Amino acid sequence: DLMPNFDRLATHGTHADFTSTCQPVCGPARSCLQTGLYATQTGSWRNGIPLAKHHKTLAHYFNEAGYKTAYIGKWHLANEEPVTEPNRGGYQEWLASNTLEFTSNAYRTVMYNNDNQAVLMPGYRVDAQTDAAIRYIDGHQQDPFFMFISYIEPHFQNHQDDFPPPIGYRERYTAKWIPPDLAALVGTTHQHLAGYYGMVKRLDEALGRLQDALVSLRMDQNTIILFTSDHGCHFKTRNGEYKRSCHESSIRVPTAITGPGFFGGGRLRQQISLVDLPPTLLDAAGIPVPGHMAGHSILPLLRGQTADWPEEAFIQISEAQVGRAIRTNRWKYSVRSTEPKPSPQGGSLQYEEEFLYDLECDPYELRNLVDQASHEPVKAELRSRLIKRMVAVGEPTPEIKAAATKPSGQRRVTLEEAFDPNPLRAYTEVPHR
């Protein structure tokens with residue numbers, strides 16, 4: 001019962017079930033969502049690097065098409081607080097903070113309006129933002145509008161190192177189900193998961209309130225709703241903090257979209273990236289998609305046009321570590337820089353293999369196969385694909401050092417099995433002992 005409103009949106013609309021962030025950290029991921037470019041292309045490859053003013057955002061494209069545009073919530077693409085008009089990415093109506101976790105607490109929401117005045121908003125933070133969004137919708141019933149609502153939940157509250165849910169919600173989710181990767185690796189899971197679940201619950205209730213508002217205003221049949229996130233959370237199970245790793249709990253984000261063009265779209269099995277969402281929204285609105293965008297609209301997938309869709313999602317990590325990864329329907333392959341710090345563009349020339357996971361057999365990524373001799377052909381293929389993706393977004397051709405291998409007791413995996421489009425025929429034999 002954690003996310004019934006998201007489930008309803010995904011069931012009746014389009015569920016992009018295999019959506020990955022292209023940078024599992026706040027600011028860089030947001031630069032990708034605003035521009036349709038990878039973070040190394042925007043230049044905002046780590047937190048604290050503002051989005052350059054020459055980049056056109058979704059707001060600019062919708063403004064040019066005659067839409068009203070509004071931004072509510074966390075921006076994280078400027079280097080000032082409050083964010084002045086030249087640094088707001090072209091949004092006309094503004095009620096936001098650059099770093100909302102620093103200007104507010106769970107029950108004291110402060111954001112800044114168009115005039116840079118601090119606005120104290122009553123209620124739990126999710127509800128305060130949702131109230132503002134509903135007021136905007138109600139005031140623009142006759143206008144075509146594009147509104148970007150950027151909630152911070154279920155992010156942790158930095159100065160508390162906690163995930164503060166609404167009062168009473170932590171208790172509702174104490175001792176509930178723990179995903180197997182978090183249960184096995186622990187981290188801060190037992191300390192924080194109940195609060196995190198409580199935040200997720202209230203966020204889903206907010207989604208329901210927004211949908212109810214559209215129904216009551218008779219706008220539900222001609223309004224597109226896209227729900228997604230900038231990154232996940234692995235509760236310090238994979239490194240010393242909560243994200244910035246290639247693992248599913250860090251990079252896979254819930255994504256669903258409904259409205260004209262997306263009703264009854266079903267569940268997509270293709271690998272979708274955050275950079276695909278800006279061209280999708282433009283395409284759905286009938287606005288030409290710029291050729292320089294790195295992503296692609298998912299609308300052709302709903303029409304059965306899948307021939308040119310990438311077979312893998314590409315993930316960059318440039319903060320806390322420098323790493324690169326790809327995710328296919330079956331495999332996760334990642335490399336890590338051997339250089340002491342990132343280049344000025346957030347990358348590296350020297351990497352070494354770090355992880356290889358068979359997501360079909362090991363969906364929670366608990367067995368790293370990177371040193372298994374039986375999987376050398378798989379690694380070679382994925383290494384080639386990763387390098388091609390890096391070069392395609394403007395990164396220099398890197399050197400990737402293969403991990404030292406050891407006998408595994410498994411027979412060698414063939415490429416035909418490893419990349420067979422029918423996963424039921426792909427398997428790895430383990431001898432009986």
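**Exercise 1. Work out whether Phe148 is buried or exposed, and which ring it pairs with.**

Step 1: Phe148 has a relative accessible area of 16%, so it is buried (buried means under 20% relative accessible area, exposed over 50%, partly exposed in between, with a 1.4 Å probe and protein chains only). Keep in mind that this is a predicted model, where local features need pLDDT of at least 70, side-chain atom pairs count only at pLDDT 80 or more, and totals for chains, interfaces and linings use all residues. Residues are numbered from 1 along each chain as its sequence is written, and side-chain values use heavy atoms, with hydrogens and water left out.

Step 2: Now for the rings. Searching the whole structure turns up 21 aromatic pairs (rings of Phe, Tyr and Trp, the last by its six-membered ring, pair if their centres lie within 6.5 Å; planes under 30 degrees apart count as stacked, over 60 as edge-to-face and the rest as tilted). One of them is Tyr71 with Phe148, stacked at 5.3 Å centre to centre with 10° between the planes.

Step 3: Place the partners. Tyr71 is in strand β3 (residues 68–74) and Phe148 in strand β7 (residues 145–150), so the pair ties together parts 77 residues apart in sequence. Helices (H or I, at least four residues) and strands (E, at least two) are DSSP runs, numbered from the N terminus. Tyr71 is buried too, at 2% relative accessibility.

**Exercise 2. Say how the rings of Tyr91 and Phe146 are arranged, and which cluster they belong to.**

Step 1: The ring centres of Tyr91 and Phe146 are 6.3 Å apart and the planes meet at 25°, so this pair is stacked.

Step 2: Tyr91 sits in the loop between β3 and β4 (93–97), while Phe146 is in strand β7, 55 residues away. Both residues are buried.

Step 3: Put the rings together: Phe62, Tyr67, Tyr71, Trp75, Tyr91, Trp94, Phe146 and Phe148 make up one aromatic cluster.

**Exercise 3. Find the polar partners of the Lys332 side chain.**

Step 1: Lys332 belongs to strand β14 (residues 331–337), and its relative accessible area is 0%, so it counts as buried.

Step 2: Its side chain makes a polar contact of 2.9 Å with that of Glu248, and another of 2.7 Å with the side chain of Glu365. (A polar contact is a pair of N or O atoms within 3.5 Å; within protein, one must be able to donate a hydrogen and the other to accept it, and residues adjacent in sequence count only if both atoms are side-chain atoms.)

Step 3: Beyond neighbours within four places in sequence, Lys332 is in contact (heavy atoms within 4.5 Å) with residues including Cys246, His247, Phe355 and Tyr357.

**Exercise 4. Describe the surroundings of Ala106.**

Step 1: Ala106 lies in the loop between α5 (100–103) and β5 (109–112). With a relative accessible area of 8%, it is buried.

Step 2: Skipping neighbours within four places in sequence, Ala106 touches Gly123, Tyr124, Arg125, Gln157 and Pro164.

Step 3: Check it against Phe146: the two are 40 residues apart in sequence and 26 Å apart in space, C-alpha to C-alpha.

**Exercise 5. Sum up the whole chain.**

Step 1: Count the elements: the protein chain has 14 helices and 16 strands.

Step 2: Of its 433 residues, 57% count as buried.

Step 3: For the extent, the C-alpha trace spans about 65 × 50 × 45 Å along its principal axes.
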